Amino acid sequence: MRQFIYRCVYFKKIKRKVDIMNVEIIGWLAVAVNSFIFLPQIIKIIKTKRVRDLSFFMLLIQFLSCFLWITYGIFIKNWEVVSLDSIILISTIIILGFKLNIHYKEP
């Protein structure tokens with residue numbers, strides 16, 4: 001009976017590790033997919049040289065949001081959050097740079 005209990009406990013520990021590993025894989029897949037969220041917008045800005053329709057305040061809010069998420073991720077040591085929001089923050093900075101650049105402004 002004792003061996004049976006030990007085997008059950010051991011199996012639950014292994015199953016828990018596998019479940020946690022699957023969750024980690026899903027988290028990193030989400031990072032991979034979401035890291036390209038602003039790429040189509042950046043490509044469109046480069047091709048058309050138009051940023052008139054982009055809201056400056058939305059970009060500022062996105063910047064602040066990413067900064068806060070990165071800070072939160074560092075404190076809780078969640079590297080999926082840190083890496084994803086770092087990529088989105090860089091994309092937001094690029095778009096803000098285009099928005100503030102005189103050459104990309106509409107007359």
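Trainee: Where should I begin with a single side chain, and is Thr 92 buried or exposed?

Mentor: Begin with relative accessible area: a residue is buried under 20%, exposed over 50% and partly exposed in between, using a 1.4 Å probe and protein chains only. Thr 92 has a relative accessibility of 0%, and therefore counts as buried. Before we go on, note that this is a predicted model, in which local features need pLDDT of at least 70 and side-chain atom pairs count only at pLDDT 80 or more, while totals for chains, interfaces and linings use all residues. Residues are numbered from 1 along each chain as its sequence is written, and side-chain values use heavy atoms, with hydrogens and water left out.

Trainee: Which residues does Thr 92 touch, not counting those up to four places away in sequence?

Mentor: A contact means heavy atoms within 4.5 Å. By that rule, and with residues up to four places away set aside, Thr 92 touches Phe 38, Leu 59, Gln 62 and Phe 63. There is also a polar partner to look for, a polar contact being a pair of N or O atoms within 3.5 Å, where within protein one must be able to donate a hydrogen and the other to accept it, and residues adjacent in sequence count only if both atoms are side-chain atoms. In this case a polar atom of the Thr 92 side chain lies 2.8 Å from the backbone oxygen of Ile 88.

Trainee: Which helix holds Thr 92, and how many helices and strands does the chain have?

Mentor: Helices (H or I, at least four residues) and strands (E, at least two) are DSSP runs, numbered from the N terminus. Thr 92 belongs to helix H4, residues 79-100, and the protein chain has 4 helices and 0 strands. To check a helix against its length, take the expected span as 1.5 Å times one less than its number of residues. For the 22 residues of H4 the expected span is 32 Å, and the end C-alpha atoms are 31 Å apart, which agrees. At the N-terminal end of H4, Asn 78 acts as a cap, with a side-chain oxygen 3.2 Å from the backbone nitrogen of Glu 80.

Trainee: What does Val 82 contact beyond its neighbours within four places in sequence?

Mentor: Val 82, also in helix H4, is in contact with Ile 70, Gly 73 and Ile 74 when those neighbours are left aside. Its relative accessibility is 13%, so Val 82 counts as buried. The C-alpha atoms of Val 82 and Tyr 72 are separated by 8.1 Å, although the two residues are 10 apart along the chain.

Trainee: How many aromatic pairs are there in the whole structure?

Mentor: Rings of Phe, Tyr and Trp (its six-membered ring) pair if their centres lie within 6.5 Å, and planes under 30 degrees apart count as stacked, over 60 as edge-to-face and the rest as tilted. A search of the whole structure finds 2 such pairs. In one of them, Phe 56 and Phe 57 meet edge-to-face, at 6.0 Å centre to centre and 75° between the planes. Phe 56 is partly exposed at 29%, whereas Phe 57 is exposed at 61%. Trp 69 and Tyr 72 also form an edge-to-face pair, at 5.6 Å centre to centre with 80° between the planes.

Trainee: How many residues apart are Trp 69 and Tyr 72 in their helix?

Mentor: An α-helix has 3.6 residues a turn, so residues three or four places apart point the same way. Trp 69 and Tyr 72 are 3 residues apart in helix H3 (residues 56-76), and are therefore separated by about one helical turn. Trp 69 is partly exposed at 43%, and Tyr 72 is partly exposed at 43%.

Trainee: Which value of phi does Lys 49 have?

Mentor: Most residues other than glycine have a negative phi. Lys 49 has a positive value near 55°, and sits in the loop between helix H2 (39-48) and H3. Lys 77, in the loop between H3 and H4, likewise has a positive phi of about 55° without being a glycine. Lys 49 is partly exposed at 46%, while Lys 77 is exposed at 62%.

Trainee: Where does UniProt place the feature "transmembrane region"?

Mentor: UniProt positions are given in the numbering used here, feature names are shortened, and annotations may be inferred rather than shown by experiment. The unreviewed UniProt entry places this feature at residues 25-43, 55-75 and 81-102. In the model, residues 55-75 are 95% helix and 0% strand, with end C-alpha atoms 31 Å apart.
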